Amino acid sequence: MEHTQFDRDYILCVDDEQSVLNQLFMQLCDAFQDMCSVESAESAEEALTLMEELTRSGKKILVVISDQVMPGMHGDRFLEVVHQQYPATKKILLTGYAGLESAMYAINNAGLDQYCEKPWDREKLMRVIGKLIDDAKKGTDEVFRIEKLLRNVQLFRNLPSDAITLIAEKLQPVRFQKDDPIFRIDDLGDCMYIIKSGEVKVIAGVDENDEVLAYLGHGNYFGEMALLTSEPRSASVVASLDSEVLMLTKADFDFLIDKHPSITVALSHVLSQRLRDVSVKKAGRQHKIICLLNSLSDQRERKIVASLSRKMRQETNGKLVVIDLDRSGSQRPALHTQQDDERDSPWIIQNLDHIQDDDLNAALHEDASGVSFFLPPSEDEYPLSSYIVPLLGLLKEFYNFILVHVKTSRASADHLATIMEQADTLLYIVEQHESTLDKARRFLSELEQSRKQLLKKFEILVVREEVLPDAFKPLTPFLKPSHLHFLSTGRLTNVSCADRQAVSAADEELGLMRNNFDVGRIARRLGNVSIGVVLGGGGARAYAHLGMLKVFQEEGIPVDSLAGTSMGAFLGALFIMGKSVEEILKLSQEAWRKLNSPLSWTLPLIAFIKEHRIRHLVHEIFGEMLIEELPIPFFCVAGDLVSGQEVVMGSGKLYEAILASGALPGFFVPVTRDDMYLVDGGVVNNVPGDVLKKQRIDMVIAVDVTPEREVHLRPREGQTLVSQTESTLPYRMLKMARRLRARYGTMLLPRIIMRVIAIEGLEITRTKSQYFDMHIKPNLEDFDLFDFKRLPEIVAIGEEAGRREVKNIRKTIELLKQ
């Protein structure tokens, strides 16, 4: 064996004829002495031993050139072994005796790169070898990067260097686009994967709505059970970002085990730890990419996007980074003094494969509120398309929220498409002007034609100074109601029509408070920590909701959305309009006095209460206010007598929705709306927590005021409905009437109707309680459905129940932020 003195990458030539070997050795030295060292061997067996020694000492064999006919192992078989053990090495079969059969064998089984006959053309052969060296060096650089990745993977970090090199050479790169399935539950397990870039989610089923067990990012691995058992997959794995993974097949793994048995020990330790983790831990908070498509003018843009990012940081306690693609600089903060090591965005781009958390924190700029900023370098120097997807994958590993700020008027169409594909939420920020809303409509229309799947994650934030309900109607065909948000920049508008004249210049300050509240609500929505309150129906007992809401207000517990049924909807709407508890009680007592007047009652052909009386009364309270004018999203529930279906109302005239939701059968006339006859929502859904969950509210607090027992309908001891001692019919009827009056009062039929509805509602509520994150039931058994003279007492019961639950509510909110 001869060799040169260079300690670099290697070329190995193998031939049993010494003269041929010397000639080839000298030609290789002359041609490549500035690039590689050259080694030679006279047999395949000697060559394999040499390659093992070189690899163990950290050397790379770039190219192997082998004769075919040699004593012992022939060239084609030798190159097959090289291909198995050193898949990154380039291979040339050089012989004057090989037939077609051996050449084809080497091509098919040894991954042969070139076949040359003796005698060779020196210039042509050196040119071929030079190209293979270039290709091998590129491959070697990639193998080196993969080795660095493997040294940070728990499964491989304690293996010797030669084992890691061998694994790196065996791994096969595979790319998946966002939402592509990598494998499904019950698929045959025949390989494992290591994530080089991007992110995947592990799902306990086959549907995207099934439970997410884990999110895995750069440097994580999955599917390793298949390497030991070959059993079907126990979960599904889907790419949650465009991802590049490195695949290790079971055949390659078995080969590695044969060479390095210590891998089996490492794998068994990791598997046992994984099993322990799965038994105690779930996926936790998803790290989320939010694309802010900003169409605002620069002045408003600065305020809203900056305040939104800072509010998200405050409301969620999560780490947040803004990728500001608006190179005009309007969003860019006053940057910290440059770090001593001068790490910045170009440095991050250059080190995406192996950057760690501390390095990333040092390289990103951070403002006083704790929001970090990535400021892209020049497009000419670093094209965004070359790094944006791996960058998103890296940031998603270390940050809870990545806000990508895109100025729509300056964004490249290709860049915009890439970012929108990767984002979890797309928030289009637009001003309430006819031209800008029309532009948004056209944008959504184009998406519906070309990328319809993106509409599912599209939301719109309308910045407005006043409420113009018809202005945004062109957007509604493309969006769910829960995906349309409003941010008010003018005066506070959550007051009733009767109070609008009282709005003064002093309310400008309230307008600023409203703006801050809207930003907080949207920040909680984007940060997956939104809070919704559900208020169940229950007659006078529903006034316990006021005590509960008063506690939320005093304790600073935000309410981002509210849903109610019947009296719960009535009281909830008044409260979010800005009415105080005292105002609502006064208003309610006056309304009950009018409703209980003989002028309101009629013969019950359809209902006890005259239709025009109740309609006038409710309209007098709410006026022509629209649900869209309320400061937070509001929903109320009614039942349709025609279809038998639940009807959820989240837009339109507020008084009509309240009227329909409380139209108690037999008591009030059904409300006509379109082709429906709507009655009290307690018939179909008395505590509509599922309504808020469908609006993607993260935490639903349900307040249920219907007691399990109705003590006011309980027969008194020793009494029966029919006398057993008197036989005359007139006497029995008079006796029964007196007893019914003494027991039930004058409201017998309405009370029975309401209790029948309540019993059905209790069962529906039990079924739908799965949608409640908290289920609060104040103790209201001692109060009757019609105890409107005891409203202050009922409010106090609600307030007491609310104060008892404050600690649990805060604890549940904190769990959302973990």
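Here is a short conversation between a student and a tutor about a predicted model of one protein chain.

Student: Let's start with the overall make-up: how many helices and strands are there in the protein chain?
Tutor: Happy to begin there. The chain has 818 residues, and buried residues make up 54% of them. Its secondary structure comes to 25 helices and 29 strands.

Student: Among contacts between residues at least 6 apart in sequence, what share joins residues at least 24 apart?
Tutor: Good one for thinking about the fold. Phe668 and Val679 are eleven residues apart along the chain, with C-alpha atoms separated by 8.4 Å, so that pair falls short of the 24-place mark. Lys594 and Leu617 are 23 residues apart in sequence and 8.3 Å apart in space, C-alpha to C-alpha. Over the protein chain, the share joining residues at least 24 apart is 76%.

Student: Which residues have the most contacts inside the largest nonpolar core?
Tutor: That core has 73 residues, and its largest share, eight residues, comes from helix α18 (residues 567-576). Apart from it lies another core, of 51 residues, among them Ile289, Leu444, Ile460 and Leu479. Inside the 73-residue core, the residues with the most contacts are Tyr543, Phe622, Phe634 and Leu654.

Student: Which residues does Tyr543 touch, leaving out those up to four places away in sequence?
Tutor: Some of its partners sit in α18, the helix of residues 567-576, including Met567, Phe570 and Leu571. The others are Leu585, Ser588, Phe788, Leu791, Ile794 and Val795.

Student: On to empty space: how much lies in the largest cavity?
Tutor: Rolling a probe the size of a water molecule over the atoms shows where empty space is left. A search of the whole structure finds five cavities of 30 Å³ or more. The space in the largest cavity is about 530 Å³.

Student: And which helix gives the most to the lining of that largest cavity?
Tutor: The lining has 29 residues, with Met567, Leu595, Ile614, Gly662 and Phe668 nearest the centre. By class, 22 of the lining residues are nonpolar, four polar and three charged. At least two residues each come from α18, α19 (581-595), α20 (611-622) and α21 (654-661). The most, five residues, come from α20.

Student: How many residues of α21 are buried?
Tutor: This helix is mostly covered. Leu654, Tyr655, Ala657, Ile658, Leu659, Ala660 and Ser661 are the buried ones. Out of eight residues in α21, the buried number is seven.

Student: Is Phe668 buried or exposed?
Tutor: Phe668 lies in the loop between α21 and β26 (671-673). Not counting residues up to four places away in sequence, Phe668 touches Leu595, Ala607, Ile609, Ile614, Gly662 and Ala663. Its relative accessible area is 13%, under the 20% cut-off, so Phe668 is buried.

Student: How does Lys594 class: buried, partly exposed or exposed?
Tutor: Lys594 has its place in helix α19. Not counting residues up to four places away in sequence, Lys594 touches Ser600, Arg613, Leu617 and Glu620. Its relative accessible area is 28%, which lies between the 20% and 50% cut-offs, so Lys594 is partly exposed.

Student: Last one: what share of the area exposed by the chain comes from carbon and sulfur atoms?
Tutor: A nice one to finish on. The protein chain exposes about 37,400 Å². The part supplied by carbon and sulfur atoms is 51%.

Technical notes
Residues are numbered from 1 along each chain as its sequence is written. This is a predicted model: local features need pLDDT of at least 70, side-chain atom pairs count only at pLDDT 80 or more; totals for chains, interfaces and linings use all residues. Side-chain values use heavy atoms; hydrogens and water are left out. A nonpolar core is a set of buried Ala, Val, Leu, Ile, Met, Phe, Trp, Tyr and Cys residues joined through side-chain atoms within 4.5 Å. Buried means under 20% relative accessible area, exposed over 50%, partly exposed in between (1.4 Å probe, protein chains only). Helices (H or I, at least four residues) and strands (E, at least two) are DSSP runs, numbered from the N terminus. Contact means heavy atoms within 4.5 Å. Accessible areas come from the Shrake-Rupley method with a 1.4 Å probe; for residues, only the protein chains shown count as cover. On a 1 Å grid over the protein atoms alone, a cavity is a set of points where a 1.4 Å probe fits but cannot get out, and a pocket is an open set with protein on both sides within 12 Å along at least five of seven lines; lining residues have an atom within 4 Å of a point. Grid points are joined across faces, edges and corners, and a volume is the space filled by probe spheres set on the points. Ala, Val, Leu, Ile, Met, Phe, Trp, Tyr, Cys and Pro count as nonpolar, Asp, Glu, Lys and Arg as charged, and the others, Gly among them, as polar.
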